[in-house]
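I sat down with one structure and looked up a handful of things in it. The entries are kept short.

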Amino acid sequence: AQRIRDEVLAASRLHCSVGIGNNKLQAKIATDFGKPDPGIYVITDETWFDEMGDRPTRALWGVGAKIAARLDTHGIKTVRDLAAVDPQDLVGEFGPTMGPWFRRLGRGVDSSPVDATPWVARAHGRDGAVQRGEEGGIACGVAVQRFEDLQIPQRRGVEHQIVGDLV
């Protein structure tokens with residue numbers, strides 16, 4: 001793992017963290033725990049509850065704020081709570097697929113395959129900054145023109161959107 005970190009740093013001058021686990025879920029969470037130092041972190045089936053048990057359900061990959069709030073209404077606040085619940089108790093709230101899946105997450109179980117295929121961006125974006133005028137704002141037309149000046153290439157079947165914050 002350290003050799004990989006060293007090779008990434010040498011090739012890109014970027015630091016990275018490495019997560020190691022018995023499955024993809026554990027490795028992804030371990031990667032976050034390794035940031036920024038020590039850079040390498042290990043979570044296994046044996047250490048899962050020591051590492052994750054008392055953390056809020058939101059700490060799990062795949063559990064966002066809305067799902068965590070829904071779990072909370074059932075008294076499920078921590079990863080350990082989620083792991084201990086009867087999966088059938090979650091079916092009514094989340095359905096026959098997602099209910100048991102959330103319980104598996106709570107137990108640190110993940111059967112999703114690790115895919116070594118390089119990631120390819122599905123969307124391409126550009127951004128830019130527009131200076132404020134003397135009045136503290138800018139005209140929308142100026143902002144749109146500035147974004148158009150970014151010369152985003154047209155691709156067949158792809159719509160372009162201009163998204164910006166004018167403060």
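What follows are my notes, topic by topic, on a predicted model.

**Overall layout**

I began with the secondary structure. I find seven helices and two strands. Reading along the sequence, I get the pattern α-β-α-β-α-α-α-α-α. The protein has 167 residues, and buried ones make up 25% of them. I also looked up the exposed surface, which is about 11900 Å². Carbon and sulfur atoms supply 53% of that surface. Then I turned to contacts between residues at least 6 apart in sequence. Of these, 36% join residues at least 24 apart.

**The largest nonpolar core**

In soluble globular proteins, nonpolar side chains tend to be buried together. I looked for where that happens here. The largest nonpolar core holds 19 residues. Which of them touch the most other members? I noted Trp 48, Leu 60, Val 63, Leu 71, Leu 82, Leu 90 and Phe 102. Five helices give two or more residues each: H2 (24-33), H3 (48-52), H4 (65-72), H5 (79-84) and H6 (87-106). H6 gives the most, with four residues.

I picked Leu 90 for a closer look. Leaving aside neighbours within four places in sequence, I list its contacts as Leu 71, Ile 76, Leu 82, Val 85, Gly 95, Gly 99, Phe 102 and Arg 103.

**Helix H2 and its cap**

Next I checked which residues of H2 are buried. They are Leu 25, Gln 26, Ala 27, Ile 29, Ala 30 and Thr 31. What covers them? The cover includes strand S1 (18-21), strand S2 (40-43), H3 and H6.

Asn 23 sits in the loop between S1 and H2. Is Asn 23 buried or exposed? Its relative accessibility is 14%, so I count Asn 23 as buried. Asn 23 caps the N-terminal end of H2. One of its side-chain oxygens lies 3.1 Å from the backbone nitrogen of Leu 25. The Asn 23 side chain also reaches the backbone nitrogen of Gln 26, at 2.9 Å. Beyond four places in sequence, Asn 23 is in contact with Gly 108, Val 109 and Asp 110.

**The loop between H1 and S1**

I looked up three residues in this loop. Ser 17 is one of them. Its relative accessible area is 17%, so Ser 17 is buried. A polar atom of the Ser 17 side chain lies 3.0 Å from the backbone oxygen of Thr 31. Not counting residues up to four places away, Ser 17 touches Arg 5, Thr 31, Gly 34, Lys 35 and Gly 39. Thr 31 is itself among the buried residues of H2.

Leu 14 lies in the loop between helix H1 (2-12) and S1. At 53% relative accessibility, Leu 14 counts as exposed, because the cut-off is over 50%. I then found Leu 14 in a nonpolar surface patch with Ile 4 and Val 8. Together the three have about 240 Å² of accessible area.

Arg 13 lies in the loop between H1 and S1 too. At 74% relative accessibility, Arg 13 is exposed.

**Backbone oddities**

Most residues other than glycine have a negative phi, and most peptide bonds are trans. I went looking for exceptions. Arg 13 has a phi near 60°, a positive value in a residue other than glycine. The peptide bond from Lys 35 to Pro 36 is cis, with omega near -20°. I place Pro 36 in the loop between H2 and S2. Lys 35 also appears in the contact list of Ser 17.

**Glu 93 on H6**

My last stop was Glu 93, in helix H6. How accessible is Glu 93? Its relative accessibility is 30%, so Glu 93 counts as partly exposed. Leaving aside neighbours within four places in sequence, Glu 93 is in contact with Arg 70 and His 74. The side chains of Glu 93 and His 74 are joined by a polar contact of 3.1 Å. For Glu 93 and Arg 70, I noted the spacing: 23 residues apart in sequence and 8.1 Å apart in space, C-alpha to C-alpha.

Methods
Residues numbered from 1 in each chain as written. Predicted model: local features only at pLDDT ≥ 70, side-chain atom pairs only at ≥ 80, totals over all residues. Heavy atoms only, no water. Core = buried A, V, L, I, M, F, W, Y, C linked by side-chain atoms within 4.5 Å. Buried < 20%, exposed > 50% of the residue type's maximum accessible area, 1.4 Å probe, protein only. Contact = heavy atoms within 4.5 Å. Areas by Shrake-Rupley, 256 points an atom, 1.4 Å probe, with all protein chains shown as cover. Polar contact = N/O pair within 3.5 Å; in protein donor to acceptor, adjacent residues only side chain to side chain. Patch = residues over 30% accessible without salt bridge, like charges linked within 9 Å, V, L, I, M, F, W, Y side chains within 5 Å. Salt bridge = Lys/Arg side-chain N within 4 Å of Asp/Glu carboxyl O.
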